[in-house]
Amino acid sequence: MLDDADTTEIHPLFAGAPQGTEFRKLRKRLVRETRAAIEDYAMVRPGDRWLVCLSGGKDSYTLLAILHELQWRGLLPVELLACNLDQGQPNFPATVLPEFLKARGVPHRIEYQDTYSIVKEKVPAGRTYCALCSRLRRGNLYRIAREEGCSAVVLGHHRDDMLETFFMNLFHGGRLATMPPKLLNEDGDLTVLRPLAYVAEDDCDRFSRAMNYPIIPCDLCGSQEGLQRVQVKRMLDEWEARTPGRRQVMFRSLMNVRPSHLLDTELFDFSAIFPPEQGDKPALPPILRDLAGEH
């Protein structure tokens, strides 16, 4: 099916796409990796409606385009509704996304909620805005999803976001955790999905630049220096520069967890680990017991 991406029939979101071989390879890789994450984490329930969150950044444009590519080719049997939450940031170009979505025939909802003023008022000077800003944004997106009859809120977090979150939790939170590709919200009525879980940030950047999408920067948190996430990103960039491919190796480790080789007593029953009593014959693994004829 991915070879069909070379045909002339394309979704309007890909209008004006470069015709070169490198872009076609990039586009196929994005589709393949997104489809793999959707399948690996059982994200699809046919007939559902997804609220696809669009910030105007490179990642959310990539998410929107690739999901429509999959839907266009019959590989994603859900309804897609794009949504932008205008949070009232000064100088936010409010007409860019509505015009972009309307011109391409993408069903959408634009919601205005001035969370910017709340964040500026509540967060003390010198503290970062991200935690409160994301909490307010998430609450509004959940509300919109319910109002629109959507079963899932779909976010544009990619592989590198997940790695950065893992190291932030490791360094600052004292826990091994990251953004999961799929989770159920606290109320249990919505799933939160991250279909770009396998996609590298560099590929999102290359794709959105090649498509010349109208990128809108986040001036709220982007204007703050010394953010923990920025520091972690720089660290990962340095590791990747010294050892190309390091990011992907570390990401694979998040998919290859061995609870018995960690220290969480809630996750693994260490109390059951003892050698056999003296004189007892050591128990064989089930497959060896079968071969030996023991039952």
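**Helix α7, the strand core and two loop residues**

Glu-201 is found in helix α7 of this predicted model. The relative accessibility of Glu-201 is 17%, and because burial is assigned under 20%, this residue counts as buried. Beyond its neighbours within four places in sequence, Glu-201 is in contact with Lys-58, His-158, Asp-160, Glu-164 and Lys-233.

A further buried position is Thr-62, with a relative accessible area of 0%. Thr-62 lies in helix α2, which comprises residues 58-72. When neighbours within four places in sequence are set aside, the contacts of Thr-62 are Leu-30, Cys-204, Phe-207 and Ser-208. An unreviewed UniProt entry lists residues 55-60 as a short sequence motif, the PP-loop motif. In the model, the span 55-60 is 50% helix and 0% strand, and its end C-alpha atoms lie 6 Å apart.

Strand β2 covers residues 79-86. Seven of its eight residues are buried, so the strand is largely enclosed by the rest of the structure. Strand β2 pairs with β1 in the parallel sense over five bridges, and within this pairing Cys-53 has Cys-83 of β2 as its bridge partner. Between these two strands the chain passes through α2, giving a right-handed β-α-β crossover from β1 to β2.

Strand β2 also pairs with β3 (residues 108-112), again in the parallel sense and over five bridges. Here the bridge partner of Leu-85 is Glu-111 in β3. The connection from β2 to β3 runs through helix α3 (residues 96-103), and this β-α-β crossover is likewise right-handed.

Backbone geometry was examined at two loop positions. Most residues other than glycine have a negative phi. Ala-42, by contrast, has a positive phi, near 50°. Ala-42 is placed in the loop between α1 (21-40) and β1 (49-53), where its relative accessible area of 48% makes the residue partly exposed. Asn-212 also has a positive phi, near 60°, and is a residue other than glycine. The loop that holds Asn-212 lies between α7 (201-211) and α8 (228-242). Asn-212 has a relative accessibility of 65%; because the exposed class begins over 50%, Asn-212 counts as exposed.

Key
Residues numbered from 1 in each chain as written. Predicted model: local features only at pLDDT ≥ 70, side-chain atom pairs only at ≥ 80, totals over all residues. Heavy atoms only, no water. Helix = DSSP H or I, 4+ residues; strand = E, 2+ residues; numbered from the N terminus. Buried < 20%, exposed > 50% of the residue type's maximum accessible area, 1.4 Å probe, protein only. Contact = heavy atoms within 4.5 Å. UniProt positions renumbered as here; feature names shortened; annotations may be inferred. Pairing = 2+ DSSP bridges. Right-handed = clockwise from strand over helix to strand, strands pointing away.
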